[in-house]
Amino acid sequence: MKAAVMTSLGHIEMKNVPKPEKAAPGKAIVKVEYVGICGSDLHYFEHGKIGDYIVDYPFILGHESGGVVTEVGEGVTNLKVGDRVALEPGVTCGKCEFCKTGRYNLCPDVEFFATPPFDGTFVEYVEHPADMCFKLPDNVSTMEGALIEPLAVGLHAANQVNAQIGQNAVVLGSGCIGLVTLMSLKAKGVSPVYVVDVIDKRLEMAKKLGADVVINAAKENTVDAIMKLTDGAGVDLVCETAGSKVTTQSTVELVKRGGDIVLVGMSPDSVLPYDIGTLMNKEATLHTVFRYRNLYPVAIAAVASGAIPLKDMVTNVFEFDDTQHAMSYNCENKADVVKAVIKVAD
Ligand SMILES: [Zn+2]
Ligand SMILES: [Zn+2]
């Protein structure tokens with residue numbers, strides 16, 4: 001079968017790799033149809049590593065996947081051949097304290113697609129545990145199935161701050177993760193949601209997906225704008241998805257007294273100094289997220305019901321054979337591409 005294989009920094013070649021043969025017990029073989037291009041894929045493509053995770057070539061990227069089941073192994077009862085599914089990428093041990101308490105995203109032994117040394121899904125077929133393949137209803141496409149992965153991050157962020165009706169929020173950053181966080185907050189009844197970015201195209205997308213007010217931080221001071229909009233109170237929920245030092249530092253100023261902050265974007269630089277004194281004076285709570293847990297069924301239901309207009313986020317669709325171009329185009333046109341997906345097959 002064909003695979004888009006990263007052979008060196010910034011290089012992807014279409015290669016023939018062995019197709020998964022026969023589905024092992026408890027597993028399914030899925031014909032991949034769509035794979036989203038994530039910021040982490042772009043980071044590995046450009047830099048060859050993220051923190052301690054270093055790519056060992058050849059390496060296959062891609063972890064946001066939707067496809068069709070072509071084979072099921074012994075003992076699989078939740079799936080049948082022909083089912084369209086979204087693949088949750090992290091396979092955990094099931095035995096540790098974190099798995100046993102349902103916080104399996106914290107499992108230290110997770111094997112996650114496209115996180116070295118585990119290959120990803122820029123391939124035609126993949127074998128995956130059947131319980132991590134989530135069936136899509138008829139009105140949810142496999143392209144949306146691929147986007148369930150980032151949506152789960154947004155839902156987890158909204159859950160971490162216990163987002164609910166009656167609250168207001170600011171989302172810092174309007175890339176893919178900012179947008180899924182925005183949609184998750186709106187779906188939970190949070191209003192108004194203010195979205196901040198420095199790229200107009202991304203802010204237009206935020207408006208389209210439900211942002212009540214957008215703020216271009218290159219043109220106006222974010223803290224001043226939010227204080228004006230909230231009569232000096234700040235917001236109940238601050239969701240940082242831009243992963244920059246200044247946006248992370250600003251969260252303390254933006255949050256209302258007693259409010260909640262969640263850090264979703266990971267800043268490459270130190271975010272210090274972080275104003276813990278002000279955080280304490282406000283008795284605000286600081287949360288973080290690491291991926292997500294137990295949210296694929298929730299995300300799929302939210303898309304199926306129409307509560308979350310997930311597919312409207314996609315700005316670019318690339319053919320599988322053009323994966324090299326798709327990746328370099330993304331890297332070179334970050335201001336223009338909001339969310340890209342690769343069409344592996346129809
Ligand atoms: Zn992702
Ligand atoms: Zn575990």
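**Figure 1. Helix α3 and helix α9 cross with their axes within 9 Å.** In this predicted model, helix α3 spans residues 142–160 and helix α9 spans residues 296–304, and their axes cross at roughly 115°. Because angles of 65 to 115 degrees count as roughly perpendicular, α3 and α9 are described as roughly perpendicular to each other. The crossing of the two helices is right-handed. On the α3 side, the contact is made by E144, I148, E149, L151, A152 and L155; on the α9 side, it is made by Y296, V298, A299, I300 and V303. Sorted by character, the residues of this contact comprise 9 nonpolar and 2 charged residues, with no polar ones.

**Figure 2. The zinc ion (ligand 1) is held by the protein donors C38, H63 and E64.** The donor atoms are SG of C38, NE2 of H63 and OE of E64, and they lie 2.2 to 2.5 Å from the zinc ion. Along the sequence, the donor residues follow the spacing C-x24-H-E. C38 and H63 link distant parts of the chain, being 25 residues apart. C38 belongs to the loop between β3 (27–36) and α1 (39–47), whereas H63 belongs to the loop between β5 (53–54) and β6 (64–72). Residues under 20% relative accessible area are classed as buried; C38 therefore counts as buried at 16% relative accessibility, and H63 likewise counts as buried at 4%.

**Figure 3. Cis peptide bonds precede P58 and P273.** The bond from Y57 to P58 is cis, and its omega is near -5°. P58 is situated in the loop between β5 and β6. A cis peptide bond also joins L272 and P273, where omega is about 0°. P273 is placed in the loop between β16 (255–263) and α8 (276–281).

**Figure 4. E283 and N294 have positive phi values without being glycine.** For E283, phi is near 50°. This residue, E283, is located in the loop between α8 and β17 (285–288). E283 counts as exposed because its relative accessibility is 65%, and the class of exposed residues begins over 50%. For N294, phi is about 55°. N294 is found in the loop that runs between β17 and α9. With a relative accessible area of 47%, N294 is partly exposed.

Definitions and conventions: Residues numbered from 1 in each chain as written. Chains lettered and ligands numbered in written order. Predicted model: local features only at pLDDT ≥ 70, side-chain atom pairs only at ≥ 80, totals over all residues. Heavy atoms only, no water. Donors = N, O, S within 2.8 Å, 3.2 Å for Na, K, Ca; no water. Helix = DSSP H or I, 4+ residues; strand = E, 2+ residues; numbered from the N terminus. Buried < 20%, exposed > 50% of the residue type's maximum accessible area, 1.4 Å probe, protein only. Axes fitted to C-alpha atoms, helices over the stretch in contact; angles between N-to-C directions. Parallel < 35°, antiparallel > 145°, perpendicular 65-115°, else oblique. Left-handed = near helix turned anticlockwise from the far one by under 90°. Contact = heavy atoms within 4.5 Å. Nonpolar A, V, L, I, M, F, W, Y, C, P; charged D, E, K, R; others polar.
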